[in-house]
Amino acid sequence: MLEDRIQQAAEIICSAKRVTAFTGAGISAESGIPPFRGPDGLWSRYDPETLDIQHFQRDPLKSWITIREIFYEKFKAASPNAAHLALADMEAHDHLHCLITQNIDNLHHRAGSSNIIEYHGSSRRLICTYCERLYPVTLEILEYLPPPCTECGHVLKPDFVFFGEPIPFQAHREALLETQRSDIWLIIGTTGEVYPAATLPVEAKAHGKRIIEINISPSNYTSQITDLFLQGTAVSMMSELNKRIHKLDQLHG
């Protein structure tokens with residue numbers, strides 16, 4: 001029974017020493033942000049070359065026109081949903097110690113989570129392609145495309161990983177440390193298809209960690225590494241899981 005598995009997951013989390021959450025596109029889909037892949041994904045409507053670093057370097061204006069439309073016009077109305085808020089609440093009550101996200105939408109920050117590893121970077125910052133100065137995104141900075149660095153004049157790009165770029169060293173290093181430090185990994189809304197991010201839960205399992213997975217349907221992880229599978233949306237499962245965690249806290253308080 002699903003209710004029994006949710007209760008079991010709550011008990012595991014409450015008794016854990018350290019819990020890491022690992023989130024993907026599925027958690028933000030309920031905030032109105034579509035995934036990149038799949039029949040309704042962004043790449044069914046936009047050319048994925050837009051986010052290829054070599055294409056960006058050759059024609060930053062063409063890339064930036066699409067980037068501004070997708071990330072800074074279409075998605076600006078998206079708000080954190082109940083799953084984002086539940087994770088922030090778990091952190092506030094010391095039941096979540098680290099959150100690794102593949103998402104670049106900033107919704108975990110806006111929900112109130114603080115100990116976040118942004119594995120693919122974030123859309124809330126721009127970075128100079130030459131001097132690496134960082135800029136917060138503002139309406140003014142996006143008025144002129146491609147936006148220039150005020151320090152050196154070179155082109156700015158969103159501070160997230162493009163195709164052909166490596167994962168930021170510090171983010172990768174910290175994520176790998178979590179595969180060793182945390183005794184529980186909570187996978188939410190990711191199917192294990194994007195590499196190298198997909199290898200992180202596998203690495204955690206290799207270190208003997210327990211894996212709780214929340215997904216709408218079975219993923220690449222489910223039959224391979226998952227110990228406890230909660231099938232459902234991120235919002236429904238995380239809302240119920242967090243409710244059970246609060247009840248256990250009150251019981252043992």
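Let me start with a definition: buried means under 20% relative accessible area, exposed means over 50%, and partly exposed is what falls in between. Keep that in mind. What we have here is a predicted model.

Cysteines first. Take Cys-14. Its relative accessibility is 25%, so Cys-14 counts as partly exposed. Now Cys-98. Here the relative accessibility is 2%, so Cys-98 counts as buried. How many disulfides does the count come to? Zero. Why? A disulfide needs two cysteine sulfur atoms within 2.5 Å. For the sulfur of Cys-14, the closest cysteine sulfur is in Cys-98, and it is 19 Å away, too far for a bond. Ask it from the other end: for the sulfur of Cys-98, the closest cysteine sulfur is in Cys-14, at 19 Å, again too far for a bond.

On to the sheet. It is open, with six strands. Read the order with me: S3-S2-S1-S7-S8-S9. The pairing is parallel. Which strands stand at the edges? S3, residues 116–118, and S9, residues 228–231. Each has a single partner strand, so one side of each is left without a neighbour in the sheet. The twist from one strand to the next averages 15°.

Now zoom in on one pair. Strand S1 covers residues 19–23, and strand S7 covers residues 184–188. They run parallel, joined by five bridges. Within that pairing, Phe-22 stands opposite Ile-187 in S7.

Next, the helices. Helix H1 is residues 2–15. H1 lies across S1, S7, S8 and S9. Its angle to S9 is about 125°. Helix H8 is residues 199–206. H8 lies across S1, S2, S7 and S8. Its angle to S7 is about 155°. For your notes, S8 is 210–215, and S2 is 98–101.

Last stop: Val-19. Where does Val-19 sit? In strand S1. Is Val-19 buried or exposed? Buried, because its relative accessible area is 0%, and buried means under 20%. What is Val-19 in contact with, leaving aside neighbours within four places in sequence? Ile-13 is one of the partners. Then come His-95, Leu-96, His-97 and Cys-98. Ser-182, Asp-183 and Ile-184 complete the list. So Cys-98, counted as buried at 2%, turns up again as a contact of Val-19. Look at His-95 too. His-95 and Val-19 are 76 residues apart along the chain, and their C-alpha atoms are separated by 6.7 Å.

That's my tour. Over to you.

Note on methods:
Residues are numbered from 1 along each chain as its sequence is written. This is a predicted model: local features need pLDDT of at least 70, side-chain atom pairs count only at pLDDT 80 or more; totals for chains, interfaces and linings use all residues. Side-chain values use heavy atoms; hydrogens and water are left out. Two strands pair if DSSP finds at least two bridges between them. Helices (H or I, at least four residues) and strands (E, at least two) are DSSP runs, numbered from the N terminus. Axes are lines fitted to C-alpha atoms, for helices over the stretch in contact, and angles run from 0 to 180 degrees between N-to-C directions. Contact means heavy atoms within 4.5 Å. Buried means under 20% relative accessible area, exposed over 50%, partly exposed in between (1.4 Å probe, protein chains only).
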